[in-house]
Structure formats: C-alpha cells, structure tokens
Amino acid sequence: FLLHQERKMMKKSIILLLVIGSMFSSLVVSSFMIAPQHVYALTYDSKEIKEAKRESDKEALAKDKADGKAVDEGTTQPKYSEKDIKTVLGANDIDWINKNILKNFTVYYQSGSLTDLGLSSAHLVASLFMSFNLYIIYPLFDTALSKMFDLTNITQGINDIFSNVQQFTKQTWAGEVFKQLLYTAFGLGLVWVFIQSVKSGAGLKAILSVLLVAIIGSAWISAGGTVLTKVNNFTSQAQTAVFTEIDSSDQTYSSTDDFENKIRKTFFEKAVIRPYTLANFGTTNLDASEKDGSYRLIGGKAESDVIDALAKSNDYLSKDGGEEWYQASVGLMAPIMSLAYGIPLLMIGVFNLILQLGAILLYYLSPFTVLLSLLPRFSNSALKTGLSALGLLFAKIGLLFGIMFVSWVGTVTDTIVPVTGSASALLNSIVYIVLMVLLWKNKSFLVQTVTGSSMAN
C-alpha cells in the first residue's frame, strides 16, 4: 500500500514539474519574439525628379510674380515691415539702420546634410567673409566717414582755430621783438627802393609798393581770421549746394547733417546692400528683388520656414540651387570691395580737413610773410600766402566731384561687366579696383587736363 502511495505522489510531482517547465519555456520564448511591424514602401526621388519638381515650382511662382504677387515668405512675421525699412532708407537714417537691421544684411541659405561637405564649406566661407565685412570693415569706415564729413563740427572747430590764430598773429605783430624786426625790414626795404630809384628812376612807385604791402599786410593780420571764417562757412554751405546739384537722386539737402548722412548712405549701398543683394538674389538693386523677399529678410526673424519658402523660387537660397560657391565668391569679395569704395571716400574726407588745416597754417605764417614782403625781393610773399589760404578753402568744393566720380566709376563698371554669376562678380570687382588704382596713379594728369594747371600738387 505504501509503495502504491509513493508511486502516485511521484507521478503528480512529475506532472507538476512538466507544467511549470512549459510555462517557463513559453515566457522565455515570448520575451525574444519581435512584435509584428507595419511595412512601409520606400520611395526615392532621383536628381532628375527633384530638378523637375523644382522647375515646376519655379514656373508657378514666376507666374504669380508676373501677376504682381509676391513670393510666399513663410509664417514667421518680421520685426520690421517693408514700409518701415523703405522709410528709413529714404530718410538716410544710417544710425538707425546700424543699430537695428545691419546684422540682417548677411548671406542666407538652406542648410544641407552633414555629409554634404562642399555645400557646408561654401556656406561657411560666405558667412565668414560677409560677417567680417559687416562687423569690422563697414563699421570702421562708416564711423570714419561720419567724422570726416561732419561739416557742422569740423567747420565750427576750424573757425574757432581761425579765431585763436588771429589773436596770436595780432599779438605777434604788436610784440616788441617783432616790431624791431618790422622796422629793420622796412628800413632795408626803403634802402633797396632808394638804390633802385637811382638806377631806374622808379623810386616813387617802389616806395608806394612798400607802403601798400605794410598797410594791407597789417589789415590782413588783424582781420584775416574773420575773413577766412566767413569764407570757410560759405564753402561748407556751397559743398551742400553743389552736392545737391550733381547728385543724381531727387533729394535736397537742407543742412550739413543731411550731407553727411548721404555720404554714409552712398557707402552703405556699396559696402552692405550690394553684396547682400548679389549673394541672395543675384542683382545689385534692392528694389529689383523686392518681390523675391529682399525686404523680408532685412526685416529680421528670418527663421527656417521663411528661408524654405523663399528658396522655392530662388536658386541662391536653395540647397539644391547650385549657387553656393557663387555666394562664397560674393562673400569673399565683400570686404575687398568695401575697402575699394571706402578708401577713396575716406581720403576725400581727409583731404577736406587737410585743406582747412593748410589755410590755418598759411594764416599762422602771415606775420612772417608780411615781414618778408617789405623786402622788395620777396614782395609777393604775403600776397601768395593770403591767396593760397583762400584758394585752399575754395578747393573744398572741388572735392565733391571726387565723391561723385567714385560712384560713377562703380556705375561704369557695372555697365561694362554686369554681374550674372560668380565669374562676372569677381571680374566686376577686379575691374573696379584696377580702374581706381589707374585713376589714382594718373590723378595729376587728369587734374592738369581739366584745369590746365598743376593743382594736384
């Protein structure tokens, strides 16, 4: 009986172990099983299909543009509207532009994949040199131009110096030491006149000449600073008036501040707007690319949706447009062209200051030149220095033609070598630089041809 009970219990234990084993094995197998997945069909657009789709989109957008519609500019709204930007540009408010939207005049593009090293390299070069131009070259020259063409402060400062020099010359002329020199020179002059009168018989004329030099010289020393101040004010106002006449725009300039801002605007158009429109729209004109979104990018907040929307019809912005190395070439030339445009304008501003400082120096030397003029051998010394001082101030007006000449050279270059691609963009820059260098080296010949004299010296 006991043996029968043991066999019965063993049989139950074996069955229990089999049940537990089957449950464990099921759990292990299920943990390694992969759940059923959805199956997707993989699609791939070839290069030809992508180009066909892009051309189709461009044709549709071109038709909308021809109908007067602007391109899709995305959903993100700009910080500044197109109307705001046009108003500021029309008012030549360069200070507001530098503070609020200057950073937006950069190069834009769709980012490519990490494996597309050529596209990434071109974009890096374009961004690097455009930023160098925007944040280093342009601000440096703009600040310098704002100082050199601040006619109000410069004219007032020069006039103050004229007043101080006039006090110095009057004190020098009235000083005891200078009186002794004056009497000595006057006596030597009379002796010289007496000798010449004995030889030629023109004594009375020579004596009157010495007396006239003494009288006019004294008057020039006493009031020359006042005369030069009035002439300086007149020529500064004439600079603004002449610029209004020769400027091709329809603006008028009622003050010297307007004149300064226009000069800065001229440089801004060449150094900032030009590379911006060339790199992003393939044109040198901001308004010509208005319907392509040029003002939208300047307005700020140009997020990826804005770039993607504009890139549908713009090969320069599109990662598939093939213009990335064109953008790189424009970016590379941007700082060089800013230097090429900025240096002539800055030199004109420096010359404008130098002419006034030269007039001050000549007036400063007037007591000594009048003293020399009492000697018949140097009788024209005072007259030459006085006229030269006045001539230097009037020469300020002529410098304005240099400003317009720089702009005209740029226009001629664009006409001869219009920018249509990366090669023409580089050639355009090279031609402009070569022309400016040649004109500078032959400046004396040009001035002598125009004026018939050696005014260049």
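These are my notebook entries on what I looked up in this predicted model.

**Entry 1: the whole chain**

I began with the protein as a whole, and I found 16 helices and zero strands. The chain has 457 residues, and 39% of them count as buried. I then looked up its accessible surface, which comes to about 26,100 Å², with 65% of that area belonging to carbon and sulfur atoms. For contacts between residues at least 6 apart in sequence, I noted that 76% join residues at least 24 apart.

**Entry 2: α12 and its partners**

Next I turned to helix α12, which covers residues 324–364, and to helix α13, which covers residues 366–373. I wanted to know at what angle α12 and α13 pack. The angle is about 50°, and the axes are 5 Å apart. An angle from 35 up to 65 degrees is neither roughly parallel nor roughly perpendicular, and α12 and α13 are therefore oblique to each other. At this contact, L362, Y363 and Y364 in α12 meet S366, P367 and F368 in α13. By class, I listed five nonpolar residues, one polar residue and no charged residues for the contact of α12 with α13.

I then followed α12 to helix α5, residues 117–148, and found that the two axes come within 7 Å and cross at roughly 10°. That crossing makes α5 roughly parallel to α12. The contact of α5 with α12 has 23 nonpolar, 10 polar and one charged residues.

While I was at α12, I also looked up E324, which has its place in this helix. Is E324 buried or exposed? Its relative accessible area is 17%, and the cut-off for buried is under 20%, so E324 counts as buried. Leaving out residues up to four places away in sequence, I saw that E324 touches L119, A122 and H123.

**Entry 3: α6 against α13**

I came back to α13 from another side, that of helix α6, residues 151–174. Here the packing angle is about 40° and the axes are 9 Å apart, so α6 and α13 are oblique to each other. On the α6 side I wrote down T169, T172 and W173, which meet S366, P367 and V370 of α13. The residues of this contact divide into three nonpolar, three polar and no charged. I noticed that S366 and P367 of α13 are listed in the contact with α12, and that S366 and P367 are listed in the contact with α6 as well.

**Entry 4: two loop residues**

For G299, I first asked where in the chain it is placed. G299 is in the loop between α10 (294–298) and α11 (304–311). Its relative accessible area is 0%, so G299 is buried. I compared G299 with Q77: the pair is 222 residues apart in sequence, while their C-alpha atoms are 8.8 Å apart in space. Leaving aside neighbours within four places in sequence, G299 is in contact with P78, K79, Y80, I85 and N104.

My other loop residue was N92, which is found between α3 (82–90) and α4 (94–100). What caught my eye is that N92 has a positive phi of about 55° although it is not a glycine. For comparison, most residues other than glycine have a negative phi. N92 is also buried, because its relative accessible area is 5%.

**Entry 5: two residues inside helices**

I looked up T229 in helix α8, which spans residues 203–246. At a relative accessible area of 18%, T229 counts as buried. I then asked what lies 2.8 Å from a polar atom of the side chain of T229. It is the backbone oxygen of G225. Not counting residues up to four places away in sequence, T229 touches N159 and F162.

Last, I looked at M436, whose place is in helix α15, residues 422–441. M436 has 16% relative accessibility, so I noted it as buried. M436 and V406 are 30 residues apart in sequence, and their C-alpha atoms are 8.1 Å apart in space. V406 is also among the contacts of M436, which, leaving aside neighbours within four places in sequence, are P344, V406 and V409.

Terms used. Residues numbered from 1 in each chain as written. Predicted model: local features only at pLDDT ≥ 70, side-chain atom pairs only at ≥ 80, totals over all residues. Heavy atoms only, no water. Helix = DSSP H or I, 4+ residues; strand = E, 2+ residues; numbered from the N terminus. Buried < 20%, exposed > 50% of the residue type's maximum accessible area, 1.4 Å probe, protein only. Contact = heavy atoms within 4.5 Å. Axes fitted to C-alpha atoms, helices over the stretch in contact; angles between N-to-C directions. Parallel < 35°, antiparallel > 145°, perpendicular 65-115°, else oblique. Nonpolar A, V, L, I, M, F, W, Y, C, P; charged D, E, K, R; others polar. Areas by Shrake-Rupley, 256 points an atom, 1.4 Å probe, with all protein chains shown as cover. Polar contact = N/O pair within 3.5 Å; in protein donor to acceptor, adjacent residues only side chain to side chain.
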